[in-house]
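Okay, thanks for squeezing me in. I'd like to walk you through one sheet and what packs on it, so let me put the structure up.

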Amino acid sequence: MSIVSLGYVGISTSRLADWAEFGTKFLGLQIAGQSARTLSFRMDDLSQRFHFEEGADGIIQHLGWEVESGAALQSLAARLDAAGVRFQWGSAALAGQRRVRELIWMHDPAGNRVELYWGPEKADSPFTPGRNIAGFRTGPLGIGHVALTCDRIESTLPFYTELLGFGVSDYVLAPFKAYFMHVNPRHHSIALIETGQRGVHHLMMELMQFDDVGHAHDLAQLRKENIAVTLGRHSNDHMTSFYVKTPSEFMIEYGWGGLAIDPANWQPVELTDGPSIWGHNRSWLSEEAQAVLRVQLQHNADRGLRHPVKVLPGNHVLIKDC
Ligand SMILES: [Fe+2]
C-alpha cells in the first residue's frame, strides 16, 4: 500500500478566534501559525497538522494523505493517470504552505479535495501542548481519523479502495450505511457515512493517556461546551471516547485505546453489534432512532459484549492476582 497515513486536514471556518481558543485550551493542540485569515495547529513533532482558513463553516478544504517517498508519489500519479483520473501537481508555493516536499491534488467522486504528498516538514522545536496533556497518538498512524458524510457510498468507495489502495476494515449496512477504511494499523483512518449529504461528520484524535480524555470530559462540562455524544466505547476500533461540538458544525471525537490491526491479514466484516459496545448516546437522534439504539445497547449488555482494553507500553500497570 503506498498511502501510509492521514497526515493533515484543511478546514474553512467563520470562527478562527474561537478555534484558536478551542484548539489549544480544550483539545491541547499547539498554534503553529496565525494570520488574520488563517490558523494552523501542530499536534506532534511535525510543523503543521491542521490548517483553518476564513470561509464558509465546517467545509473540509483538503485531506492530506502521506505517501512514503517521491518515487511512491510518482507511481501513484502514474496509476491515477492510467485510470483517467484528473489531478494536478501542487506548486512549490502550495507545497510550502502545506509544509511538505511535494504533492498532487484531485477531487474524490464526492467532491472532497484529496491531496497526496511526501516529505512532511519536522518542526525545529518540541511539541508544546496547549493544555497539560501527555500528547497524541500519531506517528505512523497519522493524525487520527476523519468521518465524512456522502450522498452515495457506492460512487465514492472504489476511488479509495481500488484506486488509492485503502483496505476496508468493516462496514455497517443497517440502520445506516457506513464503511471504515485503513491505510496503516489504525483500525480506520477514514469513514464514509451515507446520509444523502456531503459533509464532515467528525474528526477523531487519540490521546496517549486515558486521563487526558477524562480531563477533557470535565472541561467540556465545566466550560459548557456541548457533549454531542456521551462517553462510550466503539465496537469496531474499541476506542473509549466522547464527541464534543466544535466552533464548526462537525464534531471532534476525543478518545483513547484504539485497536491496532494487521493490515496484511485483516478480513473486512459486517458490524452487527451497533456502533458501540456501551454508551455513545447521540444527542441529535430522533426518539425513534434512540429506541433502536437502546435495544442494541440492551442486547450488548445482556450478552456481556466486551473486548480487552488496548494499552501502550508505559501507560499501564499490571495488577498482581490475589
Ligand atoms: Fe470516529
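Let's start with a turn: β15 and β16 are joined by a hairpin, with five residues making the connection. Before I go on, keep in mind that this is a predicted model. The two strands of that hairpin, β15 and β16, run antiparallel, with six bridges between them. If you want a pair to click on, take V244, whose bridge partner in β16 is I252.

Now look at the other neighbour of β15. β14 and β15 are also antiparallel, this time over four bridges, and here V229 has Y243 in β15 as its bridge partner. This hairpin has five residues between its strands too, and one of them deserves a look: H238 takes a positive phi near 60 degrees. As for β15 itself, five of its six residues are buried, so call it mostly covered.

Okay, zooming out. How many strands form the open sheet, and in what order? There are 10, and the order goes β17-β10-β11-β12-β9-β13-β16-β15-β14-β18, with mixed pairing. At the edges you have β17, residues 269-270, and β18, residues 276-279, each pairing on one side only.

Over in another part of the sheet, β10 (residues 167-172) and β11 (residues 177-182) run antiparallel and share five bridges. Among the paired residues, V168 has M181 as its bridge partner in β11.

Next, the helices. Helix α4, residues 153-163, packs on the sheet and touches β9, β10, β11 and β12, with its direction at about 165 degrees to that of β12. Helix α5, residues 210-222, packs on the sheet as well, touching β14, β15 and β16, and its direction makes about 145 degrees with that of β16.

I'd like to stay on α4 for a moment. Which of its residues are buried? They are T156, L157 and Y160. Looking down the helix axis, those buried residues fall within an arc of 105 degrees, so they line one face of α4. That fits the usual geometry: an α-helix has 3.6 residues a turn, so residues three or four places apart point the same way. And what do the buried residues of α4 pack against? β9, β11 and β12.

Turn α4 around and, on the other side, E154, S155, P158 and E162 are exposed. Then, just after the helix, G165 takes a positive phi of about 80 degrees.

That's my tour, so over to you for questions.

Conventions
Residues are numbered from 1 along each chain as its sequence is written. This is a predicted model: local features need pLDDT of at least 70, side-chain atom pairs count only at pLDDT 80 or more; totals for chains, interfaces and linings use all residues. Two strands pair if DSSP finds at least two bridges between them. Two residues are in contact if their C-beta atoms, placed from the backbone, lie within 7 Å. Axes are lines fitted to C-alpha atoms, for helices over the stretch in contact, and angles run from 0 to 180 degrees between N-to-C directions. A residue is buried if 20 or more other C-beta atoms lie within 10 Å of its own, exposed if 12 or fewer, and partly exposed in between; C-beta atoms are placed from the backbone. The arc is that of the directions from the helix axis to the C-beta atoms.
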